[in-house]
Amino acid sequence: MKKYDVVTLGELLIDFTENGISEQGNPIYEANPGGAPCNVLAMLTKLGRKTAFIGKVGRDIFGNRLQTALDEVGIDTANLMMDEDARTTLAFVETFEDGDRDFSFYRNPGADMMLKESEVDMELVEDTNIFHFGTLSMTHEGVREATKKAVEGAKKAGALISFDPNLREPLWKSLEDARQQAAYGFSRCDVLKISDNEIQWFTGEEDYDAGIRKLREQYDIPLILLSMGKEGSRAYYKDLCVEVKPFLQEKTIETTGAGDTFGGCCLHYVLQNGIHNFDEEKLTEMLTFANAAASIVTTRKGALRVMPDEKEVRDFLEAQNA
């Protein structure tokens, strides 16, 4: 028995999201704890899973607040490092009327980039059922080596590897570098969560199914989860492709963290069923639950602190079916 259900390594940052206009007509920003890996863990923790995070923040106001936030939601922070020199990474999120977002990052360098290979607690990495990561911890050489050390150690210890490319173009020196690191993730993962625009970017295929086929020709990935925003989601497993419609709400205010919520819910189902025991019914149940949880999060500011628990998601689904 492993101590942890899911361990992640990656970025932990402050998402500044718009929250109104001041009397002078200036946008007001709210400082929300964020970062995709910890958003995933926050959802899993709400579902009763034991989780831990590996990463680095600055020893500053925001770094202290982020550690407090993780402790509050129940994520193990034993391997959360504090950097004395680099500041905590900040992301300003602009949401457009159609729901799309744009990000401005303050990360040159950011503390999350400064995690060293020697600072990764390998006992923690080896004591988890699932190890999850993305590409934001692979944009620079030092943290890239730390990430790969953790991935290889977790895989050797028998953990399932979960990967979310989470492409953020402004953080890369070149998109070719991003492509190479995404390819590494594809080559190692058992569970891939990828967005519609990311599959199009990586494969060059406009049609999602064609893109997934192209990806599977190169990489042996047992379970691929495709998030399609307002179109819902799909799961590709063996010869199955299951699609579930989204739960669109008039109360939606922003989509930050929705994909991470979706991904966390899917990992919860992988922990329940194992990677080799899915059928069409289980895939449909998984996507329906994950879409519902993601829909709930779109009605709230931020993500990490406001994830729904299982009862809230089940109640939401009952109301939708009433």
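The following questions and answers go through a predicted model of one protein.

Me: How many helices and strands are there in the protein?
Reply: The count covers the whole predicted model. The protein has 13 strands, and its helices number ten.

Me: What is the radius of gyration of the protein, and why does it count as compact or not compact?
Reply: For 322 residues the globule rule gives 20 Å. The computed value is close to that, so the protein is as compact as a globular protein of that length. Its C-alpha trace spans about 50 × 50 × 40 Å along the principal axes. The radius of gyration is 18 Å.

Me: What percentage of the residues of the protein count as buried?
Reply: A residue is buried when its relative accessible area is under 20%. The protein as a whole exposes about 14100 Å², with 45% of that supplied by carbon and sulfur atoms. Of the 322 residues, the buried part is 56%.

Me: Which helix gives the largest share of the largest nonpolar core?
Reply: In soluble globular proteins, nonpolar side chains tend to be buried together. The largest nonpolar core here has 54 residues, and L12, L223, L225 and M286 have the most contacts inside it. Ten of the core residues come from one helix, residues 280-297, and that helix is α9.

Me: How many residues are in the other core, the one with A183 and Y184?
Reply: This core lies apart from the core of 54 residues. Its members include I212 and L226, as well as A183 and Y184. The number of residues is 43.

Me: Is L223 buried or exposed?
Reply: L223 lies in strand β11, residues 223-227. Beyond four places in sequence, it touches D190, V191, L192, Y236, Y237, V270, I275, F278 and L283. Its relative accessibility is 0%, so L223 counts as buried.

Me: What is the C-alpha to C-alpha separation of L223 and C189?
Reply: The two residues are 34 residues apart in sequence. In space, C-alpha to C-alpha, the separation is 9.1 Å.

Me: Which residue numbered above 300 does L12 touch?
Reply: L12 is among the residues with the most contacts inside the largest nonpolar core. Leaving out residues up to four places away in sequence, its contacts include G34, C38, F53, V57, L66 and L70. L80, T88 and D112 are also touched, and the residue asked for is L304.

Me: Is F247 buried or exposed?
Reply: F247 is in the loop between β13 (240-244) and α8 (258-273). Outside its neighbours within four places in sequence, it is in contact with T288, N291, A292, S295, F316, L317 and Q320. Its relative accessible area is 17%, and the cut-off is under 20%, so F247 is buried.

Me: Where is F103, and is it buried or exposed?
Reply: F103 is in strand β7. Its contacts beyond four places in sequence are F92, V93, R168 and P170. With a relative accessible area of 15%, F103 is therefore buried.

Me: Is G158 buried or exposed?
Reply: G158 sits in the loop between α4 (141-156) and β9 (160-164). Its C-alpha atom is 34 Å from that of K245, which is 87 residues away along the chain. The relative accessibility of G158 is 61%, and the cut-off is over 50%, so G158 counts as exposed.

Me: Where does P109 lie, and what is the peptide bond from N108 to P109, cis or trans?
Reply: P109 lies in the loop between β7 (101-106) and α3 (122-125). Omega of the bond from N108 to P109 is near 0°. The bond is cis.

Me: What is phi of N166, and is N166 buried or exposed?
Reply: N166 is in the loop between β9 and α5 (175-188). Its phi is near 45°, a positive value in a residue other than glycine. The relative accessible area is 11%, so N166 is buried.

Me: Is K238 buried or exposed?
Reply: K238 is in the loop between β12 (233-237) and β13. Its phi is also positive, near 55°, in a residue other than glycine. At 55% relative accessibility, K238 therefore counts as exposed.

Me: How far apart are the mean positions of the positive and negative charges?
Reply: The protein has 36 positive and 56 negative charges. Their mean positions are apart by 3 Å.

Terms used:
Residues are numbered from 1 along each chain as its sequence is written. This is a predicted model: local features need pLDDT of at least 70, side-chain atom pairs count only at pLDDT 80 or more; totals for chains, interfaces and linings use all residues. Side-chain values use heavy atoms; hydrogens and water are left out. Helices (H or I, at least four residues) and strands (E, at least two) are DSSP runs, numbered from the N terminus. Buried means under 20% relative accessible area, exposed over 50%, partly exposed in between (1.4 Å probe, protein chains only). Contact means heavy atoms within 4.5 Å. A nonpolar core is a set of buried Ala, Val, Leu, Ile, Met, Phe, Trp, Tyr and Cys residues joined through side-chain atoms within 4.5 Å. The radius of gyration is taken over C-alpha atoms; the globule rule is 2.2 Å times the number of residues to the power 0.38. Accessible areas come from the Shrake-Rupley method with a 1.4 Å probe; for residues, only the protein chains shown count as cover. Lys and Arg count as positive and Asp and Glu as negative; His and the chain ends are not counted. The place of a charge is taken as NZ of Lys, CZ of Arg, CG of Asp or CD of Glu.
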